[in-house]
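Notebook open, coffee poured. Today I want to look up the pockets and one helix pair.

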Amino acid sequence: MHSAEGTITAPAPSKRKLFLLLCGVAVGGAFLAYSGITGRAKGMQETAAWTEAQSIPTVSVVQAKLGPQSEDLTLPGSLAAIASAPLYARASGYVSAWNKDIGARVKKGDVLAEISAPDLDQQLAEARATLLQLDAAVQQAQANSDMSEATNRRTSRLVQQGWSSEERGDTDRFTAASRTAALSVAKANLVVQKAVVGRLEELARFKEIKAPFDGIVTARAINVGDLLTAGGTAGRPLFRISDIRRVRIHVDVPQAFLAAMKPGLKASLTVPGHEKSFEAAVTSTANAVSEESRKGLVELQADNPNGDLWPGAFTQVQFHIPSNPDTLRIPATALMFNRNGTFVAEVQANKVELKPVNLGRNLGNDVEVRSGVMMSSRLIDNPQEFLTTGDAVHVAGEPLGQHTASAN
């Protein structure tokens with residue numbers, strides 16, 4: 001549009017609209033820029049918080065519990081007779097008869113077998129004949145000694161009276177002394193021969209193999225005609241006699257339970273093949289621990305009037321051990337070990353606190369704790385070695401934000 005002076009002017013409303021449009025664009029761009037910066041900052045803050053939360057280890061916790069009033073400990077054991085004796089030959093010869101077989105019940109002194117020993121019989125006969133000869137030699141030496149003593153006395157009086165020479169007196173005196181000594185030698189030989197005869201007579205008694213006590217024949221390894229050698233203990237025994245009216249039970253007990261193995265402690269036995277159980281009691285311990293297994297030998301005894309328990313059999317022994325119900329137990333996996341001792345990692349307000357503990361018995365999966373732990377204590381199960389007092393942790397199953405906030 002042209003004015004009267006000839007100048008051209010833009011319409012005022014169009015300029016105002018353009019100005020407003022430009023201002024709106026500027027304000028919108030500023031708002032968008034501000035919003036982007038704020039969102040990015042918030043996202044970075046949330047990422048940092050999430051990263052920090054993820055750096056806190058997640059742990060599972062366990063708590064101590066009270067032990068039972070009593071507990072049973074089951075261990076394998078082996079049965080043995082209260083008395084058992086292997087019988088060997090003490091006389092060389094041939095088996096002429098055997099009278100008892102396995103399973104036979106015998107009394108003390110019963111003849112189990114007989115041995116024919118002609119060599120021993122001949123030696124005994126010769127020894128007895130020699131004994132008679134030596135007895136006669138003693139009598140002869142006694143007579144010679146008596147005669148020499150009498151002669152010496154007469155000669156001594158004649159020498160004093162001058163009717164005999166001193167030389168004769170000396171001869172009779174020394175002769176009497178010599179024959180007295182010969183008598184002593186003869187008596188000593190007789191004593192020696194009596195001992196020989198006694199030894200052979202004692203061996204001859206072993207031609208009969210007898211039961212040393214009341215019991216059962218649990219093994220027989222001879223037959224008629226077998227050649228036996230005196231003192232031959234290298235091989236199998238001829239018989240084995242066992243008294244099974246009462247049996248012994250031997251059990252290797254871990255060191256942690258040996259203190260409870262007092263005489264009189266009750267136990268129950270179960271034997272494969274028997275439905276019922278048998279009662280037994282601890283009688284003694286070896287008072288020593290094997291360095292290889294760290295176990296101690298414990299002996300129990302049980303009555304066996306019906307012979308149901310056989311020597312050599314395997315048995316399961318269930319000890320009835322009284323325990324202190326006030327003693328706390330924790331899983332063995334909650335323990336930490338280092339050069340300073342044994343510790344547990346307790347969680348308090350989502351922070352770790354290492355506490356030293358005094359342990360009692362090791363029960364396998366659990367251990368007894370004498371001090372350092374309460375029932376309310378929350379202990380980390382399988383704690384990592386790098387955990388130290390003051391470290392933040394997250395307990396599994398609890399809200400993560402709670403621990404993150406606490407950690408912050």
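These are my entries on two pockets and a helix pair.

I'm keeping in mind that this is a predicted model.

**Largest pocket**

I started with the volume, and the largest pocket holds about 200 Å³ of space. Next I pulled its lining: Pro-86, Leu-87, Tyr-88 and Arg-90 are there, along with Glu-202, Arg-205, Phe-206, Glu-208, Ile-209 and Lys-210. Which elements supply at least two residues each of that lining? I found β4 (70-87), α3 (166-205) and β8 (208-210). Of these, β8 gives the largest share, with three residues. I also sorted the lining by class and got five nonpolar and five charged residues, with no polar ones.

**Second largest pocket**

I moved on to the second largest pocket, which has a volume of about 160 Å³. Around it I listed Arg-105, Ile-216, Thr-218 and Ile-244, plus Asn-306, Gly-307, Trp-310 and Pro-311. By class, I have four nonpolar, three polar and one charged in this lining.

**Helices α2 and α3**

Helix α3 had already turned up at the largest pocket, so I checked how α2 (residues 118-161) sits against it. How do the two run relative to each other, roughly parallel or roughly antiparallel? Their axes come within 7 Å and cross at roughly 160°. That angle is over 145 degrees, so α2 is roughly antiparallel to α3. I noted the crossing of α2 past α3 as left-handed. Last, I sorted the residues in the contact of α2 with α3: 20 are nonpolar, 14 polar and 11 charged.

Notes. Residues numbered from 1 in each chain as written. Predicted model: local features only at pLDDT ≥ 70, side-chain atom pairs only at ≥ 80, totals over all residues. Heavy atoms only, no water. 1 Å grid on protein atoms, 1.4 Å probe; cavity = no way out; pocket = protein on both sides within 12 Å on 5 of 7 lines; lining within 4 Å. Points joined across faces, edges and corners; volume = space filled by probe spheres on them. Helix = DSSP H or I, 4+ residues; strand = E, 2+ residues; numbered from the N terminus. Nonpolar A, V, L, I, M, F, W, Y, C, P; charged D, E, K, R; others polar. Axes fitted to C-alpha atoms, helices over the stretch in contact; angles between N-to-C directions. Parallel < 35°, antiparallel > 145°, perpendicular 65-115°, else oblique. Left-handed = near helix turned anticlockwise from the far one by under 90°.
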